[in-house]
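Biologist: Could you take one helix of this model and go through it closely, and then follow the chain onward from there? I would like a connected account rather than a list.

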Amino acid sequence: MKFSFRKLYNRIPSGIICLIIVFGIFAYLGSIMGTPNMLNTIMNTAHDLLLNTVFYLMAICVITGAIGRIFMEFGVVDLLEKILRPLMKPLFNLPGVASLGAVMTFLSDNPAIISLAQDKRFSSYFKKYQFISLTNFGTAFGMGLLVIVFMVGQGYYAEPFIGLFGAICGCIVSTRLMQHFVLKEFPNYLEEAACESEDTETASGIEEKKPLFQRILDSLLDGGRTGVDVGLAIIPGVLIISTLVMLLTFGPSATGGYTGAAYEGVELLPWIGGKINFIFDWLFGFKDPHLIAFPITALGAVGAALGLIPNFIQAGWIDGNAIAVFTAIGMCWSGYLSTHTAMLDSLGFRKLTSKAIIAHTVGGLVAAFTAHWVYVLYSLF
């Protein structure tokens with residue numbers, strides 16, 4: 001009888017597999033750090049991230065949320081949409097109204113594109129293959145304002161905007177590649193409309209116009225409240241993902257031993273990165289193998305990835321090139337592994353999730369590659 005690993009795997013209860021993986025990770029960490037030190041380091045790292053990183057990110061979310069709401073209230077979003085509209089077809093093969101989705105996700109987060117897509121007046125402008133690619137298009141701009149403001153807050157000014165250019169290039173590749181995948185599997189989507197337009201009657205009566213001061217105050221407070229929600233939403237990602245990544249990234253204390261202090265670890269990721277760093281050096285200009293922790297973390301949550309940067313700066317691993325690349329890949333990926341499934345499910349195309357993930361993985365790599373080489377050209381002048 002021929003042995004089948006797949007059949008054996010299917011017979012093992014998923015709970016047992018889960019226990020093996022979880023205990024395997026903790027056994028590996030504990031064998032190097034010592035179990036008491038490992039547990040103390042996990043708690044101390046999470047606590048320090050909460051106090052010194054999460055609340056800082058939440059403050060940025062509140063400020064950027066207020067700015068975004070002011071922009072919407074006083075027509076800046078509409079103005080940007082009109083300016084960007086002519087670029088949509090030649091760059092992204094999308095109708096002009098898609099520019100509104102880019103602005104909205106840039107000011108907030110990935111799911112903003114879904115709330116727009118569920119509006120039949122908006123989605124009626126799209127062919128079905130274009131409509132599906134909105135998941136990739138919107139994700140590439142998600143939390144863009146937060147990422148750029150955070151990088152500027154670290155003392156870098158030109159580099160985040162180089163990263164923004166790289167993210168746009170990655171978005172072009174991701175969106176068009178997704179459209180290619182959809183048309184290859186469903187050629188009929190080329191001419192099939194996403195939905196029929198829905199006429200809406202204008203409500204009768206004149207809406208009472210608020211005083212200017214009240215409009216400003218309401219916009220600031222409502223936008224700030226949205227920022228608080230975003231700030232709360234990033235807490236699990238920062239505390240869980242960043243703590244795990246830092247355990248795998250940093251080494252022992254300055255004395256060479258483990259004390260249970262925050263930000264100690266086993267240096268597994270740098271060891272792996274050192275074996276293949278020649279690839280990351282050429283593609284992204286990473287001079288230190290520790291830097292691969294950022295793109296790995298950005299796969300799940302860009303907020304968690306941003307939480308790594310202050311410690312990277314303190315350790316002396318960061319330079320201008322890394323900031324440009326981090327901005328590009330952080331914006332373009334922005335936690336797509338954790339959002340693509342839900343976003344496509346809400347659009348009704350869950351079966352295409354794997355295609356979207358492949359396309360966006362390529363797009364993020366292109367974004368980082370572009371940002372690196374643009375930064376190289378920038379540094380020559």
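**A kinked helix and its surroundings**

Modeller: In this predicted model, helix H13 has a kink of about 25°, and the kink is centred on Ser-242. The helix covers residues 235-249, and at 1.5 Å a residue its 15 residues should span 21 Å, which agrees with the 20 Å that separate its end C-alpha atoms. Ser-242, on which the kink is centred, is buried, and so are Ile-235, Gly-237 and Val-238 on the one hand and Thr-243, Val-245, Met-246, Leu-247, Leu-248 and Thr-249 on the other.

Following the chain onward, the loop between H13 and helix H14 (268-284) holds Tyr-263, whose phi is near 65°, a positive value in a residue other than glycine. Tyr-263 is buried, with a relative accessible area of 16%, which falls under the 20% limit for that class. Glu-267 lies in the loop between H13 and H14 as well, and it has a positive phi of about 55° although it is not a glycine. With a relative accessible area of 35%, however, Glu-267 is partly exposed.

For comparison, helix H5 (residues 98-107) has 9 of its 10 residues buried, so it is largely enclosed by the rest of the structure. The buried residues of H5 are Ala-98, Ser-99, Gly-101, Ala-102, Val-103, Met-104, Thr-105, Phe-106 and Leu-107.

Helix H2 can be set beside H13 with the length check repeated: its 20 residues should span 28 Å at 1.5 Å a residue, and this agrees with the 29 Å between its end C-alpha atoms. In H2, Ile-17, Leu-29, Gly-30 and Met-33 are buried, and of these Leu-29, Gly-30 and Met-33, together with Phe-26, meet Thr-35, Asn-37, Met-38, Thr-41 and Ile-42 in helix H3. Just after H2, Gly-34 takes a positive phi of about 90°.

Two packed helices are described by the angle between their axes and the distance between the axes. For H2 (residues 14-33) and H3 (residues 35-73), the angle is about 110° and the axes are 7 Å apart. Because angles from 65 to 115 degrees count as roughly perpendicular, H2 and H3 are therefore roughly perpendicular to each other, and their crossing is right-handed.

Key: Residues are numbered from 1 along each chain as its sequence is written. This is a predicted model: local features need pLDDT of at least 70, side-chain atom pairs count only at pLDDT 80 or more; totals for chains, interfaces and linings use all residues. Side-chain values use heavy atoms; hydrogens and water are left out. Helices (H or I, at least four residues) and strands (E, at least two) are DSSP runs, numbered from the N terminus. The expected span of a helix is 1.5 Å times one less than its number of residues. The bend at a residue is the angle between axes fitted to the seven residues ending there and the seven starting there. Buried means under 20% relative accessible area, exposed over 50%, partly exposed in between (1.4 Å probe, protein chains only). Axes are lines fitted to C-alpha atoms, for helices over the stretch in contact, and angles run from 0 to 180 degrees between N-to-C directions. Angles under 35 degrees count as roughly parallel, over 145 as roughly antiparallel, 65 to 115 as roughly perpendicular and the rest as oblique. A crossing is left-handed if the near helix is turned anticlockwise from the far one by less than a right angle, and right-handed if clockwise. Contact means heavy atoms within 4.5 Å.
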